[in-house]
Amino acid sequence: MRLAFIADIHGNARALESVIKDIKERNVDQLFVLGDLAYRGPEPQRSVELVQELDAKVIKGNADDWIVRGVQEGEVPDDVIEGMNEEKDWSCSNMTSDAIKYLDNLEEEINEDFEGVHIHGFHATPEDLFEVVLPTETEETMKERLMGNDIADIYVYGHIHKPYVRHIDGKIIINTGSVGLPFDGLAQPSYAIVDIEDGGVQTSIIRTSYDLEEVVEGVKSSDYPEKDLLSKLLMNASVSN
């Protein structure tokens with residue numbers, strides 16, 4: 001049984017297309033999408049449509065909530081909230097009401113069993129779409145914030161845009177990284193594969209490629225409200241540069 005997990009597309013349909021192509025070539029049995037489909041990217045509508053065309057189980061991320069109801073005080077620093085809501089407004093103006101409703105109606109977690117292996121999937125943490133859990137956290141913090149579902153063998157999430165695999169107490173934590181907006185310094189789409197066979201589990205982080213420069217040039221020539229910011233995020237694959 002081969003499972004694929006993708007997250008954090010962020011309106012980057014070109015990056016998503018490269019990941020979908022790679023997944024199809026790898027003969028994946030089940031695909032999961034862990035949220036953040038449309039916000040902060042050049043093609044929010046097409047990104048949602050591409051996901052809807054997949055035979056996938058899809059859950060909600062914090063940025064999907066932002067599309068629906070806007071960025072609220074306390075969720076981001078005060079000095080960026082106005083600009084982020086301008087990005088939200090632009091995204092919504094380039095989306096249909098049906099696409100926005102689709103995001104609003106998404107569930108918030110996945111619990112699935114495959115050949116006796118239980119998988120718990122969520123966007124950020126099981127309790128919160130916004131909480132940040134980095135790969136450098138202590139084991140105790142990981143267990144407290146990510147591993148509350150005792151029956152799960154594998155915990156998979158997105159949100160931080162930094163892929164990793166970590167083993168704690170015989171269980172596996174996976175972050176998919178980001179399809180459309182990676183923050184680990186490598187400007188390539190990222191996703192995770194889990195292979196389950198005869199009770200054994202193998203995990204992989206996959207990176208794909210696409211014409212990033214063409215996407216960035218498209219952003220720069222568009223009417224996107226924070227196009228300089230988005231261009232830098234795409235090119236640098238980091239929030240610190």
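**Aromatic pairs and helix α3**

Y157 and Y164 are both buried. That holds for this predicted model, and Y157 turns out to be a handy place to start, as the next few contacts show.

Searching the whole structure turns up 7 aromatic pairs. One of them joins F122 and Y157, with ring centres 6.1 Å apart and 20° between the planes, which puts the pair in the stacked class. In chain terms this is a link between distant parts: F122 belongs to strand β5 (residues 117-122) and Y157 to strand β6 (residues 154-157), with the two positions 35 residues apart. F122 is buried, as is Y157. Y157 also pairs with Y164, and here the planes sit at 80° with the centres 6.2 Å apart, so this pair counts as edge-to-face. The angle is what decides the label, because planes over 60 degrees apart are classed as edge-to-face and those under 30 degrees as stacked. Elsewhere, F5, F32 and F114 come together as one aromatic cluster.

Now for helix α3, which spans residues 62-69. This helix is mostly covered, with 6 of its 8 residues buried. The buried set runs through N62, A63, D64, D65, W66 and I67. As for what covers them, these buried residues pack against two other helices, α4 (81-93) and α5 (97-104). Right after α3 comes G70, and its phi is positive, near 85°.

Methods: Residues numbered from 1 in each chain as written. Predicted model: local features only at pLDDT ≥ 70, side-chain atom pairs only at ≥ 80, totals over all residues. Heavy atoms only, no water. Buried < 20%, exposed > 50% of the residue type's maximum accessible area, 1.4 Å probe, protein only. Helix = DSSP H or I, 4+ residues; strand = E, 2+ residues; numbered from the N terminus. Contact = heavy atoms within 4.5 Å. Phe/Tyr/Trp six-rings, centres within 6.5 Å; stacked < 30°, edge-to-face > 60°.
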